[in-house]
There are 2 protein chains.
Amino acid sequence: MRPTLQDMASILNLSKSTVSRALAGDPRVAEVTRHRILTLAQQIGYRPNPVARGLATRRTNTIGLAVPCGPRSFSDPFYLEFLGAVGDTAMKYGYSLLLSTADSDGAGGYRSHMELADSARIDGMILTEPKVADERVRMLKEMDLPFVFLGVAQDPNVSWVSGDNRGGAAKAVTRLIELGHMRIACVTGPRDQTASGARFEGYCRALAEAGMSLDRNIVAAGDFTQAGGYIAMRSILEHEKDISAVFACNDVMAFGVMRALREAGLLIPNDVSVLGFDGIPLARYMDPPLATVRQPILELGTTVIEVLVEQMNGKSGCPIHRVLPVEFQPACSIAPPERASGSVSGAV
Amino acid sequence: MRPTLQDMASILNLSKSTVSRALAGDPRVAEVTRHRILTLAQQIGYRPNPVARGLATRRTNTIGLAVPCGPRSFSDPFYLEFLGAVGDTAMKYGYSLLLSTADSDGAGGYRSHMELADSARIDGMILTEPKVADERVRMLKEMDLPFVFLGVAQDPNVSWVSGDNRGGAAKAVTRLIELGHMRIACVTGPRDQTASGARFEGYCRALAEAGMSLDRNIVAAGDFTQAGGYIAMRSILEHEKDISAVFACNDVMAFGVMRALREAGLLIPNDVSVLGFDGIPLARYMDPPLATVRQPILELGTTVIEVLVEQMNGKSGCPIHRVLPVEFQPACSIAPPERASGSVSGAV
DNA sequence: ACGAATAATACAACCGGTTGCATTATTGAC
DNA sequence: GTCAATAATGCAACCGGTTGTATTATTCGT
């Protein structure tokens, strides 16, 4: 049986409260007493019971983390990196992570996330993939639980941390344009995610700044999965072969795009350049290595925790927004177009 | 303030215990009373406080999960899939997941894992990547906490769930041999992991059964990361160019191997065939798609939980071992060798 | 109609901590 | 030497549940 405060108190002929205070560093206990207590604690390996402490203090030192992975949803390695960073930083701040994976019921149901939030087991929560009108926001506010989104939340009263989606996309697409690409396709993320919109806007802005017009025929909606990128690319190729580059709004979709292009007999980057977004480590191991926009995944993870901690300790109820810079990461998947316009033989 | 048992009791002029028992389905409370209680609970949205319950029952309905990801270690998408499956199954059984990411101190320290295990916050623990003489086993046994490994643990008294590493590797390598490959290199995992040994043994067995001898010159130790696979492959290529196939002991190392081969100017599969292990979804998106041994990741996840639940409820203190079948997943990264022996021009 | 069996509920201790306040011991001032 | 201030510790309530046992109300047999 693991020793309790009471055990220590009995051994030392003290009261629970004194022992508790000694351990908590309360200046009211005499130095000599504290020393006896600490020595004994060390000796018998006393470790406070976090559950009991949680009940007494109503703080669990635990953070809820909602990650989009589950048997139904394809998993994006991005989130494993993120998870690692969050876990590490949380530990540094003395917090544990309680996980909520995606709902198995799918259907965009957030039941498991909300149950975790409302369970009185966590002090705060980290949410990912904010949606345009995210229903979770209302529910979380009602619960009066501090929370932070990874990704831009629409509601200005919500705290979030995000990479510079718009700016990063714009910069990278501009790079494609500078290389001479005139018709750049885009495979977007799911419409309801704010990140999709922002990256697409970056794409649009780059085109606009170059005086190019947006052509809806070479834009297709993906879903941030490999399979989605593959399908989206195929649908574009079906009726439109006159493109020289593709911007996929995340790396795993870019993998799908590359596969679709290969299957269509197109060479990367000779026939079509491909650009991703996220900068997951695997991007460098593609053939050819995928040019992408590197998000500072580690910093995103640490910042999310820092912001959340601030919110949890914070008297300041004011929301915090952090945009972290992203970086264009060039690689062999992009090159100048081989011909001025269109590269696919057989184009009209 | 969220309502408590006492609140409900006061409203209904009952005692805490009656309300508690009604909610727990104790047959001693009258049906009519139970109905009043359930109605009120529904109405005011009563939800029992898991922390208080945990203190009282000494069961937290939480499972600890140690996943190898963190800022120091490269992350294997395999574990994100696994995480999803585990999370989903855990939820079905009414358990939450408390995460322990890799230690940031590296050095193979398992401090954070052990702290979680010893924290009295979890009812059982899932550990990954068992090592040959895994120090965690001793510590966990001392703590008297049920636990299950993903992967074969050496100690026969420890429960584990694993894919058929040896059999799967043997079968797949045999397939390479049947295709006519005479010199098959192998990039192993870290020596201290049991999975590495088993997969390597499968490789050896396949060679032996075909009457081929093991050549240490074309075996290199990787570390289950892309970079490790890359480096290992390069070191093999340095002094040994007479190979026609490579078996990498997991998929992400295979990605590194493919990169190293490409950089050496070798075509896959024309010059060298590549075989992986794990069957992560990304394997199909490589160029060429990577042949691999598909582990039933979902089933591994669900089985791990099932076994752990059995251990936690279990009167039977006897360990449970489950080997799940794996499946060779052919793909274009393997093909018959173009020449009888060796494919690299310039070989002696 | 009475005692025993049974059904329904209440009481109180407990899980292992934290914390406001009371109590005791020590010290210093005058 | 007395009293107030101060230091050190103890008491007891509390967090929100669970659970063993006591208590009260009802039913039944005879």
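This note goes through the contacts with DNA strand D, the aromatic residues and the relation of chains A and B in a predicted model.

1. **Residues around the DNA.** There are 28 residues around DNA strand D. Those that come nearest are A:Ser17, A:Thr33, B:Leu5, B:Lys16 and B:Ser20. On the DNA side, sugar and phosphate make up 56% of the strand D atoms that come within 4 Å of the protein. By residue type, the surface near strand D divides into 10 nonpolar, 10 polar and 8 charged.

2. **Phosphate contacts.** Three side chains can be checked here. An N or O atom in the side chain of B:Ser20 is 2.5 Å from a phosphate oxygen of DNA strand D. For A:Thr18, the distance from a side-chain N or O atom to a phosphate oxygen of that strand is 3.0 Å. For A:Arg58, it is 3.3 Å. Which elements give two or more residues to the surface near DNA strand D? In chain A, they are helix H2 (16-24) and helix H4 (50-57). In chain B, they are helix H2 (16-24) and helix H4 (50-57).

3. **Aromatic pairs.** The count comes to 10 aromatic pairs over all chains. Take A:Phe200 and A:Tyr203. Their ring centres are 5.7 Å apart and their planes meet at 25°, so the pair is stacked. The cut-off for stacking is planes under 30 degrees apart. Both residues lie in helix H9 (residues 194-209) of chain A. They are 3 residues apart, about one turn of the helix.

4. **Burial of that pair.** Are A:Phe200 and A:Tyr203 buried or exposed? A:Phe200 has 14% relative accessibility, so this residue counts as buried. A:Tyr203 is buried too, with a relative accessible area of 0%. The limit for buried is under 20%.

5. **An aromatic cluster.** Chain A also holds a cluster of aromatic residues. A:Phe78, A:Tyr79 and A:Phe82 form it.

6. **Arginines over rings.** In chain A, A:Arg259 lies over the face of A:Tyr230, 5.0 Å from the ring centre. In chain B, the charged end of B:Arg136 sits over the ring of B:Tyr110. The distance to the centre of the B:Tyr110 ring is 4.0 Å.

7. **Relation of the two chains.** How can chain A be laid on chain B, and with what RMSD? A turn of 180° with a shift of 0.0 Å along the axis does it, and the RMSD is 0.1 Å. That is the relation of a two-fold axis. In chain A, the C-alpha of A:Leu98 is nearest the axis, 2.3 Å from it.

Technical notes: Residues are numbered from 1 along each chain as its sequence is written. Chains are lettered from A and ligands numbered from 1 in the order in which they are written. This is a predicted model: local features need pLDDT of at least 70, side-chain atom pairs count only at pLDDT 80 or more; totals for chains, interfaces and linings use all residues. Side-chain values use heavy atoms; hydrogens and water are left out. A residue is near a molecule or strand if one of its heavy atoms lies within 4 Å of it. A polar contact is a pair of N or O atoms within 3.5 Å; within protein, one must be able to donate a hydrogen and the other to accept it, and residues adjacent in sequence count only if both atoms are side-chain atoms. Helices (H or I, at least four residues) and strands (E, at least two) are DSSP runs, numbered from the N terminus. Ala, Val, Leu, Ile, Met, Phe, Trp, Tyr, Cys and Pro count as nonpolar, Asp, Glu, Lys and Arg as charged, and the others, Gly among them, as polar. Rings of Phe, Tyr and Trp (its six-membered ring) pair if their centres lie within 6.5 Å; planes under 30 degrees apart count as stacked, over 60 as edge-to-face and the rest as tilted. Buried means under 20% relative accessible area, exposed over 50%, partly exposed in between (1.4 Å probe, protein chains only). A charge sits over a ring if NZ of Lys or CZ of Arg is within 6 Å of the ring centre and within 35 degrees of the ring normal. Copies are superposed by least squares on the C-alpha atoms of residues with pLDDT of at least 70 in both.
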